[in-house]
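Me: I have a structure open on my screen and would like to walk through it with you. Could we take it one question at a time?

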Amino acid sequence: MPAKDYLRQRFFPQIWCPGCGHGIIMGNMIRAIDQLGLEKNEVVVVSGIGCSSRMPGYVDFHSLHTLHGRALAFAMGVKMGRPELTVIVPMGDGDAAAIGGNHLIHAARRNIDLTAIIMNNSIYGMTGGQFSPMTPFGDKGTTAPSGTIDHAFDIVELAKGAGASFVARTTTYHVKEMIKIIARAIKHKGFSMVEVMSQCPTYYGRKNKLGSAVDMMNSYKDGTTSIGSKKKAEHPELIERGVFLEEERPEYSASYSALVKKSQG
Amino acid sequence: MTSEAVLTGEHFINGDEACAEGALAVGCRFFGGYPITPATEVAETMARRLPAVGGIFIQMEDEIASIAAVLGAAWGGAKAMTSTSGPGFSLMMENIGLGLVTETPCVIVNVQRGGPSTGLPTLCSQGDMMQARWGSHGHYEIIAISPSSPQEMFNFTIRAFNLAETFRMPVLVMADEVVGHTLERVTIPPAEEIVVVNRKKPTGSPETYLPYKTDSSFIPVLPDAGDGYKIHVTGLTHDERGYPGMDAKTQETMMTRLIQKVRKNRDQILDYEDYFLDGAEIVIVTYGSSVRPALRAMRGLREDGINVGLLKLNTVWPFAEDLIRKLAKKVEAFVVPEVNFGQISLEVERCSSGQALTHLISHAGGGIHTPQQVVEGVKETLRMLGSKRTKK
């Protein structure tokens, strides 16, 4: 089915700025779902608040647009109540790592079968460009006019440390890789976290003089490399992309079903 | 562990446990919670009982996550509940607003303890009654019911679920530590005698279905996730299609319906018990753990020839406005014992509009009124009425 058949064009025009990377992620999430052959009615997309979190409105699945930072807690209830449904949680970097940081680590720790897609544009876009916990040290935002003195989370390391059983990173430049990774993440039984580096030319780009959307996407091409590549050895400053972790571990809703069986003797 | 959801028979249990049994009896199969005194026994009972009846218990990372998971489970079709006390209730406020605006049926139990802040974790208060009414941002109507005994913890939790399913909204059970921790006989009736209401589901074509278009009841008929309707649920102001609409007109339409949903159905929601109201000079208005000392005081006063009646508010929100207005024309005074410094008494005063005196018997918390304190409060009111008459 073509990607457009998964869109609720009645909700358009969408709110994203020209050049925003979030539409690329939405398109690729749709392509991944299509490749997996999931029925629309089997998919629930749950989001919080922010630019990223408007995505569920535009896709023709069951969609829940909840509170800033709380999407994973909400999704936990959906998944536990209806384990047969595929639950995908698109989040922003502020949404996932600041206000929702606690829910992120606990969802990862439980290894509940949710797919968190963290659309990392290194900024709070919807409120106009404040620095987030994933804004690189020294970069500017409207609340860090001289550059932030906060250190950024490496969300890949955070998710691994917290107990996620699938952890990956990709960028809006690497679209084919992104589709494959998202499809693998959805298929994975357990908590999967995919960080997608996504350009915000309007706020983050402009504030930090990073050029156009194309310039920013090119910086993903030049500034990243596949995990364990030779390039990484030569240029340790490059950010690695790919699947960092994919392990089979007891999944929360399955463990719960086993508990129910045991209790019912 | 028993796999029976309804434990028909006589039990010696506390109010928190009775609350959990009521929830199980009416079909609650999802509980998300976080440990907090004095509500923990609700969660502990659910953790013990739910798996055996095929239900889900999750201990979440905090109260925000607990209520969020409850809302999520409710959207998956479950009858879902959480229980907490003051600090946790404060954390839940934003999500209560989300539950109201997304019209999500669920039950939130607040076993009130002394506040503000950490306050008196192990002791009683009724300090959160106005927070229950207005604690989340924006204007809204809410349903809150107030049990006064372990038996009512069982009965009223059932009613809370039925109200939530009928009106599609979060319903608050405003209990308190004394009610939650009182250990006494609770009678659980046979399953077939328990009234169980289940939410209505849409039946029409998903293509032409308008989720928030309602009839004169103002109550929408909404699907669960996975029902094939693929609706968009949002905390943003939305129109009858469920689409966000950022304008004054959409806000007015949505807000008016949400407010009317409770106001126009008030008669169905309100529940109270009255004692000797006919010809009463003074009426004690009471709810929760204040009911028992108030009833005892009323009986003693009546034996002494004082013409006092009692109104027991089972539903606290929406407030029994019309009833108080009507009574205010007939009685001399209302006496309101509350374990706070005046919350429900403010409503009584508002509705009596100066036509009858309202006298608050306050209590800072840590316990409840003795019957004698209520007696003294009524006698004080009589003195106030006397001096008012003399002045006239």
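Me: Let's begin with the open sheet of nine strands: what is its strand order?
Reply: Happy to help, and please keep in mind that this is a predicted model. The pairing in this open sheet is mixed, and strands from chain A are joined there by β10(B). Read across, the order is β9(A)-β10(A)-β7(A)-β8(A)-β4(A)-β3(A)-β1(A)-β2(A)-β10(B).

Me: Which strands stand at the edges of that sheet?
Reply: An edge strand has a single partner, so one of its sides is left without a neighbour in the sheet. That applies to one strand from each chain: β9 (224-226) of chain A and β10 (232-234) of chain B.

Me: By how much are neighbouring strands of this sheet turned against each other on average?
Reply: This value ignores strand direction. The average turn between neighbours in the sheet is 20°.

Me: Do β7 and β10 of chain A run parallel or antiparallel, and which residue stands opposite A:Ala168?
Reply: Strand β7 (residues 166-171) and strand β10 (residues 239-246) of chain A are joined by four bridges and run antiparallel. One opposing pair is A:Phe166 with A:Glu246. For A:Ala168, the residue opposite in β10(A) is A:Val243.

Me: And how do β9(A) and β10(A) run, parallel or antiparallel?
Reply: Here A:Thr225 stands opposite A:Glu240 in β10(A). Three bridges join β9(A) to β10(A), and the two strands run parallel.

Me: Now the contact between the chains: how large is the area buried between chain B and chain A?
Reply: The contact draws 40 residues from chain B and 37 residues from chain A. On the chain B side, B:Glu61, B:Lys230 and B:His232 supply 21% of the area that chain B buries against chain A, more than any other three residues. Carbon and sulfur atoms give 60% of the total, which is about 3300 Å².

Me: Which residue of chain A meets B:Glu61 in a salt bridge?
Reply: Between chain B and chain A the count is two salt bridges, alongside 20 residue pairs in polar contact. In the B:Glu61 salt bridge, the N to O distance is 2.8 Å, and the partner side chain is that of A:Arg110.

Me: Which element gives the most to the side of chain B that touches chain A?
Reply: β3 (56-59), α3 (63-75), α4 (86-101) and β10 of chain B each supply at least two residues of that side. With eight residues, the one that gives the most is α3(B).

Me: Within chain B, how far apart are the centres of domain 1 and domain 2?
Reply: The domain assignment of chain B gives domain 1 (9-193) and domain 2 (272-391). Contact between them involves 28 residues of domain 1 and 26 residues of domain 2. Their centres, taken over C-alpha atoms, are separated by 27 Å.

Me: Which three residues of domain 1 of chain B lose the most area to domain 2 of chain B?
Reply: About 1900 Å² is buried between these domains, with 55% from carbon and sulfur atoms. Three residues together account for 32% of what the domain 1 side buries: B:Gln126, B:Met129 and B:Met130.

Me: What is the N to O distance in the salt bridge of B:Glu152 and B:Lys312?
Reply: The count between domain 1 and domain 2 of chain B is two salt bridges, and 17 residue pairs are in polar contact. In the salt bridge of B:Glu152 and B:Lys312, the N to O distance is 2.5 Å.

Me: How many residues apart in sequence are the parts tied together by B:Glu103 and B:Lys261?
Reply: In this salt bridge the closest N and O atoms are 2.9 Å apart. B:Glu103 lies in the loop between α4 and β5 (106-114) of chain B and B:Lys261 in helix α8 (residues 248-263) of chain B, so the parts tied together are separated in sequence by 158 residues.

Me: Last one: in the five-stranded sheet of chain B, what is the bridge partner of B:Phe334?
Reply: The sheet has the order β11-β13-β12-β15-β16. Six bridges join strand β15 (residues 333-338) to β16(B), and these strands run parallel. The bridge partner of B:Phe334 in β16(B) is B:Thr358.

Definitions and conventions. Residues are numbered from 1 along each chain as its sequence is written. Chains are lettered from A and ligands numbered from 1 in the order in which they are written. This is a predicted model: local features need pLDDT of at least 70, side-chain atom pairs count only at pLDDT 80 or more; totals for chains, interfaces and linings use all residues. Side-chain values use heavy atoms; hydrogens and water are left out. Two strands pair if DSSP finds at least two bridges between them. Axes are lines fitted to C-alpha atoms, for helices over the stretch in contact, and angles run from 0 to 180 degrees between N-to-C directions. Domain bounds come from an automatic or database domain assignment. Contact means heavy atoms within 4.5 Å. Buried area is the accessible area (1.4 Å probe) that two parts lose on being put together, summed over both. A salt bridge is a side-chain nitrogen of Lys or Arg within 4 Å of a carboxyl oxygen of Asp or Glu. A polar contact is a pair of N or O atoms within 3.5 Å; within protein, one must be able to donate a hydrogen and the other to accept it, and residues adjacent in sequence count only if both atoms are side-chain atoms.
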